[in-house]
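Hi,

Here is the structure I promised to pass on. Have a look at it first, and then read my notes below.

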Amino acid sequence: MSLPLTDVTSPARSALSGLVGDTPLLHVSEPLAPAGRGFWAKLEGFNPGGIKDRPGLHMVERARARGDLLPGARVIESTSGTLGLGLALAGMVHGHPVTLVTDPGLEVPMTRLLTAYGARVDVVAEPHPTGGWQQARRDRVAQLLARHPGSWCPDQYNNPDNATAYTPLALELAGRLGHIDVLVCSVGTGGHSAGVSRVLRHLYPDLTVVGVDTIGSTIFGQPARPRLMRGLGSSIHPRNVAYDQFDEVHWVAPREAVWTCRRLAASHYATGGWSVGAVALVAGWLARTMPERARIVAVFPDGPQRYLGTVYDDDYCAAHGLLDGAPAPEPDVIGRLDEKEVTRWTRCTAVVDPLTLGGEGTPATGTGTVDATEGRVR
C-alpha cells in the first residue's frame with residue numbers, strides 16, 4: 001500500500017541527504033600509467049549507495065517541487081541496481097514507497113540490500129525481443145504505473161533532472177583541481193556524463209570529453225548484444241546522452257575491465273565494478289599518451305562491494321573467460337561508429353547521435369529497433 005498522502009519528511013530523515021556528495025579524489029598512477037603520470041579518480045563509491053544517490057535524491061526533490069510527485073505517492077522505476085539504491089534513499093528521506101523493476105542479472109546481495117532499505121523489487125522474466133532487458137523493465141514499469149494511480153516514474157533515461165543532478169559533482173571537481181583538460185565518464189543512461197561535461201565546458205572551453213561504453217551496447221551505434229557488464233551500456237537509446245559533448249568514445253570488453261579493476265585493487269586499494277574498470281583502462285591510456293602536464297579526471301561510479309561475486313570471483317571470471325591476461329596496450333581504432341562490430345577495446349573520434357547514421361532515423365547497423373521515444377514512461 002502507498003503511504004497516506006501527507007509529507008513525512010523530517011529533519012532527521014533530511015539529514016540523510018547530507019551524506020551524499022563531497023566524495024574524495026585519488027591520484028592513480030602505476031601500473032596503469034608510468035611514474036610521474038596518471039589521472040585523478042573521483043571516488044563516487046563513497047556516497048552511501050554510489051554515484052546515483054545524486055540523481056535519486058535530485059529527481060525526487062524536483063518532482064515534489066513541481067507537484068508531479070505527491071506526498072506519500074509510490075515511486076516506480078527501472079534499474080540495474082545503483083539508481084535503485086539512490087531511490088531507496090530518496091524514498092526514505094521523503095516518505096515515498098519505492099518499487100524497483102529489474103531483471104535476473106541483478107546480483108542476489110543487491111536485491112537483499114534494496115529490500116532491506118524498504119524497496120519492493122520486481123523482476124521481469126523475459127527480455128524484450130528487440131530492446132532487451134531494459135525495454136522489458138520499462139514495459140513492466142508502465143504496467144505498474146497503471147496499477148498504482150498517483151504513482152510516479154523518474155524515467156532516468158530521458159529525465160533532464162538526471163543530468164542536472166551532477167552539477168555539484170562538476171563543481172566539486174573544479175573546486176578541488178582548479179583546471180581540467182580531460183574528463184572520462186562511463187555512459188549508461190547518459191546522466192552523469194552529460195551533467196558533468198556541460199558544467200565543466202563552461203569553465204574549461206577546451207575540455208576533451210571521453211565516453212566509455214561496453215561492447216554489445218547500442219548507445220554509440222553498435223549492435224545491441226547480450227551484455228555481461230552492468231552499470232554502463234544500453235540496449236536502447238537514452239535521450240540524456242549528450243552526443244554533442246563527446247570528443248571520442250571507447251568500447252571496453254568485460255575481461256579488460258576485470259583486469260583493470262583487479263590491478264587497481266592491488267595497487268591503489270580503491271577500485272570498483274565494471275564501469276570503474278572500463279573508465280580506468282581508458283584514463284590510464286590517456287595518461288600514458290597525452291602530454292605529461294594534461295590533467296585528466298575519471299569518474300568512478302561505485303566501489304567493489306557489489307562485485308565480489310563477479311569481477312572479484314575467480315570461479316565466475318574463469319567460467320566467463322575473463323582471466324585471459326592483460327588488455328592490449330592500445331585500443332583498436334575505427335573511423336565511424338558503425339564501421340564494424342567491436343569485440344575488444346576500441347576507440348572512435350567521430351561521435352554522433354547513432355539515430356542519424358542510417359539517414360532514416362535509425363542506425364545503419366540495424367540497432368534502431370528501439371525508437372528514441374519508444375516505451376517512454378509517461
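Let's begin with helix 9, where Pro 254, Glu 256, Ala 257, Val 258, Trp 259, Thr 260, Cys 261, Leu 264 and His 268 are buried. Keep in mind that this is a predicted model.

What covers those buried residues of helix 9? Among the elements in contact with them are strand 1 (25-28) and strand 8 (248-252), along with helix 10 (274-289), strand 9 (296-300) and helix 11 (314-319).

You can also check the length of helix 9 yourself. It runs over residues 254-268, so at 1.5 Å a residue its 15 residues should span 21 Å, and the end C-alpha atoms are indeed 21 Å apart. Just after helix 9 comes Tyr 269, which has a positive phi, near 70°.

Now for the whole protein chain. You'll find 11 helices and 11 strands in it. With 378 residues, a compact globule would have a radius of gyration near 21 Å, and the chain comes out at 20 Å, so the two agree. Along the principal axes, its C-alpha atoms fill a box of roughly 60 × 45 × 45 Å.

Of the 378 residues, 58% count as buried. If you take the contacts with a separation of 6 or more, 71% of them are between residues 24 or more positions apart. The accessible surface is about 15,000 Å², and carbon and sulfur atoms account for 54% of that.

One last thing, about charges: there are 35 positive and 38 negative ones, and their mean positions lie 3 Å apart.

Cheers

Key:
Residues numbered from 1 in each chain as written. Predicted model: local features only at pLDDT ≥ 70, side-chain atom pairs only at ≥ 80, totals over all residues. Heavy atoms only, no water. Helix = DSSP H or I, 4+ residues; strand = E, 2+ residues; numbered from the N terminus. Rg over C-alpha atoms; globule rule 2.2 N^0.38 Å. Buried < 20%, exposed > 50% of the residue type's maximum accessible area, 1.4 Å probe, protein only. Contact = heavy atoms within 4.5 Å. Areas by Shrake-Rupley, 256 points an atom, 1.4 Å probe, with all protein chains shown as cover. Lys, Arg positive; Asp, Glu negative; His and termini not counted. Charge placed at Lys NZ, Arg CZ, Asp CG, Glu CD. Expected span 1.5 Å × (residues − 1).
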